[in-house]
Protein chains: 2
Amino acid sequence: MSYASFASMPCTLSRPAALLGERWTLLLLRQIFLGTRRFEDFQTTMEISRSVLTDRLNVLLQEGVLKRVPYQEDGRTRHEYRLTDKGRDLYPVLMALRTWGERWMAPEEEESFHLHHRDCGGGVRAKVECTDCGAELTARDVQVTARS
Amino acid sequence: MSYASFASMPCTLSRPAALLGERWTLLLLRQIFLGTRRFEDFQTTMEISRSVLTDRLNVLLQEGVLKRVPYQEDGRTRHEYRLTDKGRDLYPVLMALRTWGERWMAPEEEESFHLHHRDCGGGVRAKVECTDCGAELTARDVQVTARS
DNA sequence: GTAGCTGAGTTCGAAAAACGAACGCAAGGG
DNA sequence: CCCTTGCGTTCGTTTTTCGAACTCAGCTAC
């Protein structure tokens, strides 16, 4: 009764952290942002056990991060998992991970994929900024105030 | 030999995702960014089992996200866990989670804490931008290219 | 119609991870 | 000394995860 309690705390950081902090969930989202949509493809590319995959997909469906969308293949109706608006809005989280990974975990080898801005071809970077003055912020620039 | 393999893939997204995607790790980082530094405080505030806490702290030490820093208390030497530069640079990841949480999971109740820019008092927001033109990017603005 | 194939799960026994209460231990303090 | 405190470690139990086999629905071919 402990890990789960973070998922229901009135804290806008602990709730997402508890949801995405469950094993496989971040890697599953990565795969989805890379274009995977079908149960079988998740299972084979990630080597996750089928039962856990079922569970994680269901949690993300319940949370409204994913939706099941019917489509036709070989004349039969199947379903694929796609991001909702809420799910697509997790992009900054994944990009923040990648930006950090590039800076601090970059292996000598090449990347497995590249990202660039469709319009201008530039690179992609996550950052934190002030909603008022627009300055880029680090942890040290931010004051934490507990609510009374 | 499966979840662990993501931690050693030559991919700057899968490696951080595997590291932070282990249960408790994101919540532990949240607690650290909120100022907790000592074993006992993590254990009591998070209700995590002591053995798992030991393990997670050790992994973060090994990865260079945390460091053990000696300090004096009541005339005796103790150690506390503090963020390294590498660890502090995870701030955008946490802020991206929080930005998402505020938009999509905000409970009716109040937040448990507030964040604001020390210099101007403004709010804090994570975003993704183009390194060339500076435009704010969503998943749809970004092209994924697999490496040959 | 029936045998086979395929994608998408479900089931279930074994292995791994997490839990939590008790124990160990070093460094003061009384 | 004996007590307390902070920080782990141990260990038996419970919960998750694993992975191989099974199910099932909807076609396709015969």
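Two residues are in contact if their C-beta atoms, placed from the backbone, lie within 7 Å. Keep that in mind for the interface. This is a predicted model: local features need pLDDT of at least 70, side-chain atom pairs count only at pLDDT 80 or more, and totals for chains, interfaces and linings use all residues. Residues are numbered from 1 along each chain as its sequence is written, and chains are lettered from A and ligands numbered from 1 in the order in which they are written.

Start with the two protein copies. Of the interface residues of chain A, 100% are also interface residues in chain B, so the copies meet through the same surface. Now superpose them, by least squares on C-alpha atoms of residues with pLDDT of at least 70 in both. A turn of 180 degrees and a shift of 0.0 Å along the axis lay chain A on chain B, with an RMSD of 0.0 Å. The two copies are thus related as by a two-fold rotation axis.

Next, the DNA. Near means a C-beta atom, placed from the backbone, within 6 Å of the strand. Which residues come nearest to strand C? Of 21 around it, they are R38(A), E40(A), R50(A), S49(B) and R76(B). α5(B) gives the largest share of that surface, four residues. Helices here are DSSP runs (H or I, at least four residues), numbered from the N terminus.

Around DNA strand D there are 20 residues. S49(A), R76(A), R38(B), E40(B) and R50(B) come nearest.

Last, α5(B). Its 13 residues should span 18 Å at 1.5 Å a residue (times one less than the number of residues). The end C-alpha atoms are 18 Å apart, which agrees. Just after α5(B), G64(B) takes a positive phi of about 80 degrees.

Methods
Helices (H or I, at least four residues) and strands (E, at least two) are DSSP runs, numbered from the N terminus.
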